[in-house]
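Thanks for coming. I will go through one structure today, starting with the fold and ending with two backbone details. Please look at the screen.

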Amino acid sequence: MNEMYLRNDPNVTKRVANSSVAILGLGGLGSNVAVILARVGVGSLTLIDFDRVELSNLNRQHYTHYHLGEFKTVALKNELSKINPSITLKTHNVKLSYENLSTFLSSESIICEAFDSAESKAMVAHFAAKNLDKKFVFGNGMSGYKSSNLMQRKKFGENIYICGDFKSGDYLMAPRVLMCASLQANTILELIMGEI
Amino acid sequence: MVEIKVNGEICEISKSMTVFEFLKERNFNTKRVAVEKDGEILPRNLWENSFIKSGESYEIVEFVGGG
């Protein structure tokens with residue numbers, strides 16, 4: 001047995017090794033969801049973003065000063081391979097749109113929506129309505145420093161789970177952004193384990 | 001009178017209207033919204049042709065920025 005997973009539930013370790021998750025957007029939610037899933041040992045991750053790392057990202061996203069100016073796909077792939085060299089990492093350096101979503105997600109069955117913009121989230125919901133064979137985990141509302149207890153997960157339609165407090169706000173900071181990312185990551189784990 | 005449920009609350013509409021008209025009337029930003037009708041997501045291209053009927057149950061999520 002791989003010693004890295006000594007403290008994992010062995011049933012989880014076995015199941016996640018053969019599973020695959022696509023992450024749309026590698027910002028505060030996506031970069032942290034990816035790190036968590038890499039630590040659990042999810043066998044294959046598809047990382048999609050078009051952006052580069054900026055200084056203003058570092059208050060909540062899994063990047064360092066060393067990564068400034070790099071594409072997030074490249075920076076995150078490097079970080080994840082340092083955490084867990086045995087997983088497969090695919091990257092697409094692209095801006096997703098109504099037109100190209102199906103091209104990049106055709107072979108994916110579990111999709112993590114981690115975009116910053118509300119319009120992009122609505123775009124993924126529209127795509128989900130037409131792809132009932134796929135499961136989607138959204139992040140929606142994680143601003144400020146209000147109570148952790150306001151965070152929740154709602155089932156929406158047949159194939160969407162939405163995590164967050166559903167409230168908009170001006171400030172995004174690590175504690176609640178990572179809380180939302182953790183809710184998403186655990187929901188993805190439950191989906192992989194077939195328990196929801 | 002059309003009586004429906006919206007996000008768990010009973011809601012009365014005086015005239016027949018489409019989902020798109022309902023969203024506009026309630027000041028939703030339609031670009032940021034997803035609509036579930038009776039447990040299934042209604043794709044946005046169907047909003048303008050879907051007339052709201054009595055007894056239907058809707059969940060409307062307005063996505064917020066941040067991630």
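**Chain A, chain B and two loop residues**

Reading chain A along its sequence, you meet the elements in the order α-β-α-β-α-β-α-β-α-β-β-β-α. That comes to 6 helices and 7 strands. I should say now that this is a predicted model.

How compact is chain A? Its radius of gyration is 16 Å, close to the 16 Å that the globule rule gives for 196 residues, so chain A is as compact as a globular protein of that length. If you lay the C-alpha trace along its principal axes, the spans are about 45 × 40 × 40 Å.

Next, the inside and the outside of this chain. Of the 196 residues in chain A, 54% count as buried. The chain exposes about 9,000 Å², and carbon and sulfur atoms supply 52% of that area. As for contacts, take those in chain A with a separation of 6 or more: 67% of them are between residues 24 or more positions apart.

A word on charge. Chain A has 21 positive and 18 negative charges, and the mean positions of the two sets are 3 Å apart.

Now the second chain. How many residues of chain A are in contact with chain B? The count is 30 residues of chain A, against 20 residues of chain B. Between them the two chains bury about 2,000 Å², with 65% of it from carbon and sulfur atoms. Which three residues supply more than any others of the area that chain A buries against chain B? They are A:Ala118, A:Glu119 and A:Phe156, and together they supply 26% of it.

Last, the backbone. Most residues other than glycine have a negative phi. Here are two residues with a positive value.

One is A:Phe166, where phi is near 65°. You will find A:Phe166 in the loop between β7 (160-164) and α6 (174-192) of chain A. Is A:Phe166 buried or exposed? Its relative accessibility is 17%, and the cut-off for buried is under 20%, so A:Phe166 counts as buried.

The other is B:Asp38, with phi near 45°. B:Asp38 also sits in a loop, this one between β3 (33-37) and β4 (40-42) of chain B. With a relative accessible area of 47%, B:Asp38 is partly exposed.

To put the two side by side: A:Phe166 is buried, whereas B:Asp38 is partly exposed. That is the end of my part.

Methods. Residues numbered from 1 in each chain as written. Chains lettered and ligands numbered in written order. Predicted model: local features only at pLDDT ≥ 70, side-chain atom pairs only at ≥ 80, totals over all residues. Heavy atoms only, no water. Helix = DSSP H or I, 4+ residues; strand = E, 2+ residues; numbered from the N terminus. Rg over C-alpha atoms; globule rule 2.2 N^0.38 Å. Buried < 20%, exposed > 50% of the residue type's maximum accessible area, 1.4 Å probe, protein only. Contact = heavy atoms within 4.5 Å. Areas by Shrake-Rupley, 256 points an atom, 1.4 Å probe, with all protein chains shown as cover. Lys, Arg positive; Asp, Glu negative; His and termini not counted. Charge placed at Lys NZ, Arg CZ, Asp CG, Glu CD. Buried area = accessible area lost by both parts, 1.4 Å probe.
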